[in-house]
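Here are my notes on the model you sent. They are numbered so that you can reply point by point.

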Amino acid sequence: SSISPGASGKLPKDPEAGVTIDDFKMLKPISSGGYGTVFLASKRATGDLYAIKMMRKEDLLRKNSLTS
């Protein structure tokens, strides 16, 4: 069986690779707080809407070290 490009002209991703941030288009910020900013995003492949929280790794590491 052969794999053909989809509507975008690109071959489908390797399903083992999982979902990445590149699979989404950030539309607008919804809120922000101590743990990061929440964005409204649409999944490029389907157009489905998601809320995605973006957090700075250095902040997470610092907060984790305070609780351990």
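1. Burial is limited in this predicted model: 13% of the 68 residues of the chain count as buried. The chain exposes about 5,800 Å², and carbon and sulfur atoms supply 55% of that area. Please keep the burial figure in mind for point 5, where one of the residues discussed falls in the buried class.

2. The chain has three strands and one helix. Along the sequence they follow the pattern β-β-β-α. Among contacts with a separation of 6 or more, 13% are between residues 24 or more positions apart.

3. Strand β2 covers residues 36-43 and strand β3 covers residues 49-54; the two pair in the antiparallel sense over six bridges. One bridge partnership to inspect in the viewer is that of Ala41 with Tyr50 in β3. The two strands form a hairpin, with five residues between β2 and β3. In the turn, Gly47 has a positive phi of about 85 degrees. If you look at side-chain directions here, recall that in a regular strand the side chains alternate between the two faces of the sheet.

4. Which residues make the nonpolar surface patch? Tyr35, Met55 and Leu60 do, and the patch has an area of about 280 Å². Met55 sits in the loop between β3 and α1, the helix spanning 57-67. Its relative accessible area is 41%, so Met55 is classed as partly exposed, the range for that class lying between 20% and 50%.

5. The salt bridges number two, and Asp59 takes part in both of those described here. With Arg56, the closest N and O atoms of Asp59 are 2.9 Å apart. With Arg62, the corresponding separation is 2.5 Å. Asp59 and Arg62 both lie in helix α1, three residues apart, which is about one turn of the helix. Through shared partners, the salt bridges join Arg56, Asp59 and Arg62 into one network.

6. How accessible are the members of that network? Asp59 has 11% relative accessibility and therefore counts as buried, since the cut-off for that class is under 20%. Arg56 has a relative accessible area of 55%, so Arg56 is exposed, the threshold there being over 50%. Arg62, at 47% relative accessibility, counts as partly exposed. The network thus holds a buried acid, an exposed Arg56 and a partly exposed Arg62.

Methods:
Residues are numbered from 1 along each chain as its sequence is written. This is a predicted model: local features need pLDDT of at least 70, side-chain atom pairs count only at pLDDT 80 or more; totals for chains, interfaces and linings use all residues. Side-chain values use heavy atoms; hydrogens and water are left out. Two strands pair if DSSP finds at least two bridges between them. Helices (H or I, at least four residues) and strands (E, at least two) are DSSP runs, numbered from the N terminus. Buried means under 20% relative accessible area, exposed over 50%, partly exposed in between (1.4 Å probe, protein chains only). Contact means heavy atoms within 4.5 Å. Accessible areas come from the Shrake-Rupley method with a 1.4 Å probe; for residues, only the protein chains shown count as cover. Patches are made of residues with over 30% relative accessible area and no salt bridge: like charges are joined within 9 Å, nonpolar side chains (Val, Leu, Ile, Met, Phe, Trp, Tyr) within 5 Å. A salt bridge is a side-chain nitrogen of Lys or Arg within 4 Å of a carboxyl oxygen of Asp or Glu.
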